[in-house]
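Work through the exercises below with the sequence and the coordinates open. Each task is followed by a solution in steps.

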Amino acid sequence: MANVVHIVGAGLAGLAAAVRLVKAGITVVLHEAANHAGGRCRTYHDPALDMAIDNGNHLVLSGNRATMDFVATIGARDRLHGPSTASFPMIDMATNERWTIRINDGRFPRWIFDPAARVPGTSALQYLTLARLLWAKGHRTIGEVIACQGPVYERLLDPLLRAALNTEPREASVGLASAVLRETVVAGGRECHPLIARDGLASAFVDPALTFVQSHGGHIRLGHRLRTCIFDEGRVRALDFGEDTVALGPGECVVIAVPPPVAADLLPRLDVPTEFRAIVNAHYRFVSNKSLPPMMGAINGTLEWLFVFPDRLAVTISAANHLLEVERETLARKIWQEVARMIESTAPLPPWQIVRERRATFAALPAQNARRPHAATAWRNVLLAGDWTATGLPATIEGAIRSGNLAAELVLPGVRS
Ligand SMILES: Cc1cc2nc3c(=O)[nH]c(=O)nc-3n(C[C@H](O)[C@H](O)[C@H](O)COP(=O)(O)OP(=O)(O)OC[C@H]3O[C@@H](n4cnc5c(N)ncnc54)[C@H](O)[C@@H]3O)c2cc1C
């Protein structure tokens, strides 16, 4: 096969690269170690709940332009659901106070001048904190730039940035925080409509992408783990999968779209992030008899965000390393108590599942951010992709897809020539 691009890893970064390349008429072979694609973004049948659930709730925003373009290309835009406004109902678990942040469409932030739309107990002036984050030097921590206290921080910035960065915000990179704010809150409500894959991540992001790749002549090899790269004169000459070896002819390249420790094993002298943070998700088989918003946020509790699906409720807790050793049932009960308060229900604990992703994302610390490599490598025919590469964004679907798109763009001229 001439001009083949091998993509190793069928997470969203690898899938995005594959979609971009097959769309440009390039032959792609996608090699995935697991028996399913999707990586950290996957749907599976859970025996405890006897239903299909996602490993974790994944929220994207209407302004995630690469993500929107990706789902439109693969014909799955209608699989993302959400309100037509940027409304975020919140509750303070300590006081039971409730409010809704309503970010107006358009760039001028009318919402911060409107007591019914902004965080209660704040004045418009207090939102200048956001400007300080935007203008700060990127290598500092948020805690070095702003006082991490007061209602704007506690009721808006902490929950938003904790979710986006998956890291305790005060120790997180201000550069990454600023990138998130610029593309969301600062860009206006139209960019912040929350979108959820109501029928599962696989149906929105993974299965349609695989279909797209295959229908455009791409090949998918599941259960095909890359063991070693064989190097020769500044390029990779062959990919060793154990049971078989694939030679890379002239003009053939490889996009390595695997998690950072695997990439560091495959490619010598590659700097990668080395610290990670967990995300804990609690899923409950429960159908509410009243209408609930699709997502709600909480402060001062264990749970942070509640997502409402047609057949279940699912909770996300970010930067959750402190919950890794808590006994599962204790955690399920504790979180359910908070969910029940949030939705004003007296229902007993329903069937539940706790999913703990220990290495959900790299830690968005300045020092870790500095370890993220560019897509181009020291080897002529090797590109990197993944949410952990130097995208300028934290580890998110948007970052993963942009990284895959970039790798594809860098590959294209060489493959075509
Ligand atoms: C619980 C949880 C909740 C999250 N919530 C959100 C959210 O709300 N919003 C958001 O935007 N992002 C969220 N994220 C982050 C998002 O899931 C990731 O940023 C994205 O899925 C990363 O995609 P990726 O392709 O970079 O990496 P991965 O998904 O890790 O893909 C890497 C792939 O490489 C494969 N692989 C590994 N080694 C080999 C090998 N040797 N050979 C072949 N294949 C190999 C793996 O099996 C995997 O499929 C969340 C993540 C988790 C875990």
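**Exercise 1.** Which residues of strand 1 lie on one side and which on the other, and are they buried or exposed?

Solution. The model is a predicted one. Start with the extent of the element: strand 1 covers residues 4–8. Next, sort its residues by face: Val-4, His-6 and Val-8 lie on one side, and Val-5 and Ile-7 on the other. Then apply the cut-off, under which buried means under 20% relative accessible area. Every one of these residues is buried, and both faces of strand 1 are therefore covered. The count is five of five residues buried.

**Exercise 2.** Find the strands that pair with strand 1, and give the sense of each pairing and a residue pair that shows it.

Solution. Take strand 2 to begin with, residues 27–31: strand 1 pairs with it in the parallel sense over five bridges. Within this pairing, Ile-7 stands opposite Leu-30 of strand 2. Now take strand 14, residues 253–256: this pairing with strand 1 is also parallel, over four bridges. Here His-6 has Val-254 of strand 14 as its bridge partner.

**Exercise 3.** What unit do strand 1, helix 1 and strand 2 make, and what is its hand?

Solution. Follow the chain from strand 1 through helix 1, residues 12–23, to strand 2. The three elements make a β-α-β unit, and the unit is right-handed.

**Exercise 4.** Describe the open sheet that contains strands 11, 12 and 13.

Solution. The order is 11-12-13 and the pairing is antiparallel. The edges are strand 11 (228–232) and strand 13 (245–247), each of which pairs on one side only. From one strand to the next, the twist averages 30°. For the pairing in detail, strand 12, residues 235–240, is joined to strand 13 by three bridges in the antiparallel sense. In one of the residue pairs, Ala-238 has Ala-247 of strand 13 as its bridge partner.

**Exercise 5.** Why can the radius of gyration of the chain be said to agree with that of a compact globule?

Solution. First take the expected value: for 417 residues, a compact globule would have a radius of gyration near 22 Å. The chain has 22 Å, so the two agree. Add the box filled by the C-alpha atoms, roughly 65 × 50 × 40 Å along the principal axes. Then turn to burial: 56% of the 417 residues count as buried. Last, look at contacts between residues at least 6 apart in sequence: 68% of them join residues at least 24 apart.

Notes: Residues are numbered from 1 along each chain as its sequence is written. This is a predicted model: local features need pLDDT of at least 70, side-chain atom pairs count only at pLDDT 80 or more; totals for chains, interfaces and linings use all residues. Side-chain values use heavy atoms; hydrogens and water are left out. Two strands pair if DSSP finds at least two bridges between them. Helices (H or I, at least four residues) and strands (E, at least two) are DSSP runs, numbered from the N terminus. Axes are lines fitted to C-alpha atoms, for helices over the stretch in contact, and angles run from 0 to 180 degrees between N-to-C directions. The radius of gyration is taken over C-alpha atoms; the globule rule is 2.2 Å times the number of residues to the power 0.38. Buried means under 20% relative accessible area, exposed over 50%, partly exposed in between (1.4 Å probe, protein chains only). Contact means heavy atoms within 4.5 Å. A crossover is right-handed if, with the strands pointing away from the viewer, the path from the first strand over the helix to the second runs clockwise.
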